[in-house]
Structure formats: C-alpha cells, structure tokens
Amino acid sequence: MMPDHRRLLTRWGRSLDAEHPLPEYPRPQLQRESYLNLNGRWDYAFRISDRLSTAWDGQIVVPFSPETELSGVGRQLQPGEYLHYHRTWVMPDGFVDRHVLLHFGAVDQWCRVFVNGHLVGEHEGGYWPFSFVITEHLETDENHLHVIVQDPSDSGVGARGKQKLQPGGIWYTAQSGIWQTVWLESVPQTYVTRLQIEPDLDRVDLVIHTSGEPGPSCDVDVLDGDTVVARAQGTAGSLIRIPVPDPRPWSPENPFLYDLRVRAGTDEVRSYVGLRRFGVAPDGDGVPRLQLNGQPYFHAGVLDQGYWPDGLYTAPSDEAFVHDIATMKDLGFTMLRKHIKIEPLRWYYHCDRLGMLVWQDMVNGGGAYHRPVVEVPALTPSMRLKDKHHRLFARDDAHGREQWLAETARTVDLLRNCVSVAVWVPFNEGWGQFDANAVAERIKRSDPSREVDHASGWHDQGGGDFTSLHVYFRPFRVPRRRAGGRVVALSEYGGYSLHINDHSSTAKAFGYRRFGTAEQLLDAFRSLHTGQILPAVRRGLSATVYTQLSDVEDETNGLLTFDRRILKIPADDVRAVIGRLRLETGLSGAAGA
C-alpha cells in the first residue's frame with residue numbers, strides 16, 4: 001500500500017516527456033561523445049520470484065521509481081518482492097568502438113542485470129552508479145535488457161536515508177528500483193575509468209585511471225573557453241601536476257570553471273575544474289573560522305532533502321535542479337547541506353557552475369534506531385553518548401558497519417571532483433553512528449582538502465573540524481566551552497512551519513514551530529536571526545543551516561512549498577536577513593570575486 005498522499009505535481013512534472021525523460025548527459029565530470037540514453041517507457045512486473053519474467057503488468061517511465069506519480073505505476077515495492085524491468089533497443093550504426101558499457105546512475109537497493117538472457121552482473125547499494133561491460137552479449141539487431149530489483153527499505157541495515165515504509169514526520173515515502181538515468185557508451189580497448197582531480201589556487205593535480213595495464217601515456221589541456229591556458233603530459237596512474245598561469249579562483253561570487261580535455265591512448269574525455277582552497281584558520285580574535293581561498297568565508301546554508309512530490313528521489317527535470325539551487329542562491333544562501341542523500345552528478349555540476357557550496361551528508365544505515373538515542377538529545381543537549389557502544393546506536397552488525405565504510409569511501413571517490421563540495425558529514429543525530437572519530441580521520445586521510453563534520457547535531461565525540469549543533473527547541477547561544485581549533489556550526493535550526501493546503505501533499509503539518517499566516521512566519525524568521533543568529537556569528541558562529549529548502553510530505557517547514565510554486569517568505573526579506581549574517585560580520589569573504 002502507498003501512503004495516503006494527495007496528487008501533487010510540479011510544473012516540470014506536468015510537462016514531462018515520458019518518452020524521453022531526463023535526456024541530458026548524466027556524468028558532466030567525465031564526458032565522452034559516445035552516449036545512448038535508455039530512459040523512457042519500459043515493461044515492468046511485480047513478482048515473488050526472481051526468475052526471468054516474460055509477462056508484464058504494464059509500462060513504467062524510467063528513471064522514476066514505481067512509487068512515484070511520474071512513473072505511471074503508483075505501487076510500493078515491498079520487502080521480499082521482486083520488481084522486474086524490461087526493454088529492448090537497437091544499437092545505432094557506428095556506435096560500437098571496442099567495448100560497450102551499460103551504466104546505471106542508481107538502483108535502490110539490490111539488482112541483477114541480464115542482457116539478451118546473459119547475466120552481466122549484480123549490484124548492491126541504492127545511491128551509487130555502476131556499470132557493466134556488455135560487448136560480448138550484444139546482438140546486431142534487437143537487444144533485450146532485463147533488470148531484477150529487491151529493496152528491503154527500512155527493514156534492512158543498508159544505507160536507506162530518510163525512507164520509511166510507514167512514513168510520517170521527518171521520515172518520507174520509501175522508493176525503490178531504478179531512479180537515475182540508464183545509458184550506454186562505447187569505449188576503446190583501453191579507456192579512462194576515473195579522473196581524480198585535486199585543485200589548488202594556482203594548479204591542478206590530476207591522476208588518470210584507465211582500464212588495463214600498463215597505463216598509457218596521457219595528454220591534458222586546461223582550457224578557458226576555446227583557449228588552451230595550460231598543457232601537461234604524463235602516464236595513467238601517476239600524478240600529473242599542471243600549473244595554471246594567471247589563475248582565476250572559484251567562489252560562489254565568481255564560479256569560474258576551466259574545462260579539461262584528457263587523452264589517454266585513443267580515448268578522449270572532457271571534464272572541468274575550479275581553482276579553490278578550503279580550510280580553517282583563526283580570525284583576528286583567535287576564533288576558528290571557515291576559509292575559502294585563504295579568506296574567512298561564512299557558510300550561510302539551507303537544509304536540502306532532495307525530495308519531489310511527483311518524483312520522490314528523482315527530480316522531474318534538469319531545470320528543476322537548477323530552480324532549487326538558483327532560488328536559494330538568489331535568496332542569499334551560499335551553501336546547501338545535501339541531507340542524507342546522494343544526488344545525480346548533474347545536481348553537483350549545477351552547484352559547481354552556479355556557485356553554491358555543498359555540505360555532503362553520508363547516507364545513514366543500521367538497524368532500527370532507539371528513540372532515546374536519536375530524539376531525546378533534541379530536548380536534552382547535554383546528553384552525549386559514546387558511539388563505541390554499537391548496540392546502543394543500532395550498529396551491532398559488523399558486516400553492516402563494514403558495508404557503510406566501503407560506501408562512504410565510494411561517496412568520497414564519486415564526488416571528489418565536484419568543485420562545490422566543501423564539507424563531508426558522516427553522521428547525523430546519531431542515526432547509525434559508530435566510531436565517529438575514527439571515521440572522520442579515515443575520511444580526512446582520503447581527502448585532506450575538505451573539512452569533516454563528524455557528528456552533526458548531537459553525540460559529539462570531540463573529533464572532526466566542527467562543534468556541530470542542532471537547535472530547535474531552545475534559544476541558541478554559542479557554547480562557552482568547546483574543543484580548541486574546531487569551528488562552531490549551527491548545522492540545523494529553524495524549521496518554522498506554514499502549511500499551505502493546496503500546495504501540500506498531505507493535510508498534516510509538521511514543524512518545530514507552527515504559524516498560521518505568512519506574516520507571522522516572516523516576523524518569527526526575522527526575529528530568530530536578528531535576536532539569536534546574528535549575535536552568535538559575532539561570537540564565533542561560522543556556519544548555519546536553516547531547515548529547510550522545501551516542504552517534504554508531512555514536513556511543512558520549507559521556504560518553498562513541496563511543489564516549488566510558492567516562496568513562503570518574500571525574497572527581499574530573506575535576502576535582507578541572510579545578507580546581514582554574511583556582510584555585517586565581515587565574513588562574507590568575496591573570495592576570488
């Protein structure tokens with residue numbers, strides 16, 4: 001059974017081309033000319049067996065999960081069920097080079113993939129891209145693709161985010177199956193598999209990973225438009241350092257991106273890079289502050305769940321991504337905290353090119369959470385439990401912990417090249433938290449260029465780069481006692497609710513303070529910031545994350561309604577409030593502007 005939600009469409013969902021949804025190239029950070037999109041109408045069937053199905057229940061619009069309005073299905077995949085997908089395609093003339101790769105942006109949570117009846121691979125993990133080489137199984141005429149999916153949702157221990165089979169409050173409708181683009185590309189015998197890009201203010205460090213051994217010789221061009229500004233040569237698998245003359249730094253105020261052209265043997269790919277440097281340093285009063293490009297920079301953020309009323313995890317279009325990012329930037333925010341979800345790579349590309357910093361949460365997993373651990377600290381801020389007690393944090397499954405660590409490493413590798421990603425957030429409010437200090441150190445060793453918020457909200461273990469606080473039910477004050485060298489961040493606050501019935505998917509209204517009119521909401525929003533947040537910035541607060549970007553189902557505490565049609569507080573008023581946080585404190589940091 002699906003939750004009892006009203007039919008609510010965004011304007012992009014209303015204009016969806018179901019034959020060609022999300023046609024854009026899905027991987028801007030490593031792009032080839034070769035590209036064949038397989039989104040569109042597929043056959044589907046719900047079954048209790050994983051045997052290849054030949055009978056179908058109907059058609060589903062991929063890449064929208066069956067639980068979504070835009071999929072055309074509207075049915076929940078239950079634990080123990082199998083969701084079968086099927087489609088055919090014909091390979092275009094001249095498409096095949098040496099190998100053909102079949103790519104999935106993400107499939108929630110486990111899948112097995114067949115091409116023309118041949119098993120080409122399995123994958124587990126609902127948030128990460130994967131691919132298979134399918135060359136030897138291709139036919140010259142019609143090809144058949146069959147995908148079988150299972151998803152235990154919140155009944156398992158794997159990464160699940162805020163999905164719940166019985167949603168409510170801060171937990172949302174569970175979705176399943178294919179939820180990002182499916183596509184093909186053709187590559188030569190030896191091809192680029194991954195770029196590892198490490199920018200600084202005056203150079204780019206690059207490692208080119210390729211298939212096969214030994215690594216081929218490589219040529220790299222750094223371009224400003226059509227002009228090559230720097231060039232280097234090297235070998236795949238080895239560090240290539242590329243000094244950039246007259247460098248143009250990247251910042252939210254000036255999000256300049258250089259293009260990269262990489263040749264490895266006969267393979268050529270395109271990417272991009274922004275020259276920037278993150279860090280922490282004391283200000284003139286000795287207070288640790290976040291830095292961008294060597295200057296103090298205030299992270300004025302908003303919590304971003306990445307849910308849509310008509311697509312759940314899947315945005316109805318690329319333009320919808322741009323709308324959310326550009327609207328928050330227009331309101332004066334400089335950062336989005338991507339909350340308990342990993343987005344398609346195009347979302348990060350738009351943050352890179354539009355100039356929006358990103359705090360990236362890792363996706364939580366573990367067993368069923370204990371309410372005293374994950375909820376009581378909201379009212380009792382002094383409650384801090386040691387996360388070495390794995391059972392207390394629903395993390396006593398050793399395999400589940402190892403799986404989460406491996407998926408965290410995959411997340412860092414996946415998003416490493418995204419210019420805008422500034423902070424990694426491994427744990428939130430104790431959800432599946434374990435050994436947070438060791439986890440923070442592990443992430444920092446893998447990526448020393450970014451800061452780590454090791455335990456957002458509560459159960460601070462004293463590690464990472466932040467004293468990270470969530471405050472909803474009491475006035476906020478900067479802590480008098482805090483570990484030396486760590487930045488103070490108010491990583492969630494606000495959550496002020498205004499329910500607008502015609503633009504909500506439910507009749508329920510969840511929020512941390514509720515208001516009946518837009519005027520009351522505006523007055524409370526303004527008072528909160530002038531009375532509590534602005535004085536705190538002057539006393540050492542260096543980052544804020546307002547809850548939240550949009551309503552999500554029962555949660556009606558968004559700046560935008562769930563359908564993105566109404567901004568609840570006038571834009572000029574939001575800009576005035578957020579602008580004071582950035583400008584009057586001297587921490588706006590037009591770094592590189």
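Which residue in β4 does Tyr 44 stand opposite? The partner is Tyr 85, and this pairing opens a short tour of a predicted model. Residues are numbered from 1 along each chain as its sequence is written, and side-chain values rest on heavy atoms, with hydrogens and water left out. As the model is predicted, local features need pLDDT of at least 70 and side-chain atom pairs count only at pLDDT 80 or more, while totals for chains, interfaces and linings use all residues.

Helices and strands are taken as DSSP runs numbered from the N terminus (helices are H or I with at least four residues, strands are E with at least two). Two strands count as paired if DSSP finds at least two bridges between them. With these terms in hand, the strands β2 (residues 40-47) and β4 (residues 82-90), home to the tyrosine pairing, run antiparallel and are joined by five bridges. Both belong to an open sheet of six strands, ordered β3-β2-β4-β10-β7-β8 and paired in the antiparallel sense. At the edges stand β3 (58-62) and β8 (118-124); each has a single partner strand, so one side of each is left without a neighbour in the sheet. From one strand to the next, the twist averages 30°, where axes are lines fitted to C-alpha atoms (for helices over the stretch in contact) and angles run from 0 to 180 degrees between N-to-C directions.

Another open sheet holds three strands in the order β22-β23-β24, again with antiparallel pairing. Here the edges are β22 (278-282) and β24 (295-296), and because each has a single partner strand, one side of each is left without a neighbour in the sheet. Five bridges pair β22 with β23 in the antiparallel sense, and Val 280 stands opposite Leu 290 in β23. The hairpin of these strands has five residues between them, and in it Gly 286 takes a positive phi near 80°. On its other pairing, β23 (residues 288-292) meets β24 through two bridges, also antiparallel, with Gln 291 opposite Pro 296 in β24.

Turning to the helices, α8 (residues 571-583) has 13 residues and spans 17 Å from its first C-alpha to its last, close to the 18 Å expected at 1.5 Å a residue; the expected span is 1.5 Å times one less than the number of residues. Its buried residues (under 20% relative accessible area, against over 50% for exposed and partly exposed in between, with a 1.4 Å probe and protein chains only) are Val 574, Val 577, Ile 578, Gly 579, Leu 581 and Arg 582. The cover over these buried residues includes β25 (299-304), α7 (518-538) and β34 (541-547).

Two strand residues make a handy contrast in setting. Ser 491, in strand β31 (residues 487-494), is buried with a relative accessible area of 0%. Its side chain makes a polar contact of 3.1 Å with the side chain of Ser 456; such a contact is a pair of N or O atoms within 3.5 Å, where within protein one must be able to donate a hydrogen and the other to accept it, and residues adjacent in sequence count only if both atoms are side-chain atoms. Contacts in general (heavy atoms within 4.5 Å) link Ser 491, beyond its neighbours within four places in sequence, to residues including Arg 337, Asp 453, His 470 and Val 545. His 209, in strand β16 (residues 203-210), is partly exposed at 24% relative accessibility. Not counting residues up to four places away in sequence, His 209 touches Tyr 191, Val 192, Thr 193, Arg 194 and Gln 196.

Aromatic rings round off the picture. Rings of Phe, Tyr and Trp (its six-membered ring) pair if their centres lie within 6.5 Å, with planes under 30 degrees apart counted as stacked, over 60 as edge-to-face and the rest as tilted. By this rule there are 29 aromatic pairs. Phe 473 and Tyr 512 have ring centres 5.5 Å apart and planes at 75°, so the pair is edge-to-face. Phe 473 lies in the loop between β30 (466-471) and β31, and Tyr 512 in the loop between β32 (496-497) and β33 (513-514), so the pair ties together parts that are 39 residues apart in sequence. Phe 473 is partly exposed at 43%, whereas Tyr 512 is buried at 19%. Tyr 493 and Tyr 546 also form an edge-to-face pair, 5.4 Å centre to centre with 80° between the planes. Ring pairs further link Tyr 127, Trp 128, Tyr 172, Trp 179, Tyr 307 and Tyr 313 into a cluster.
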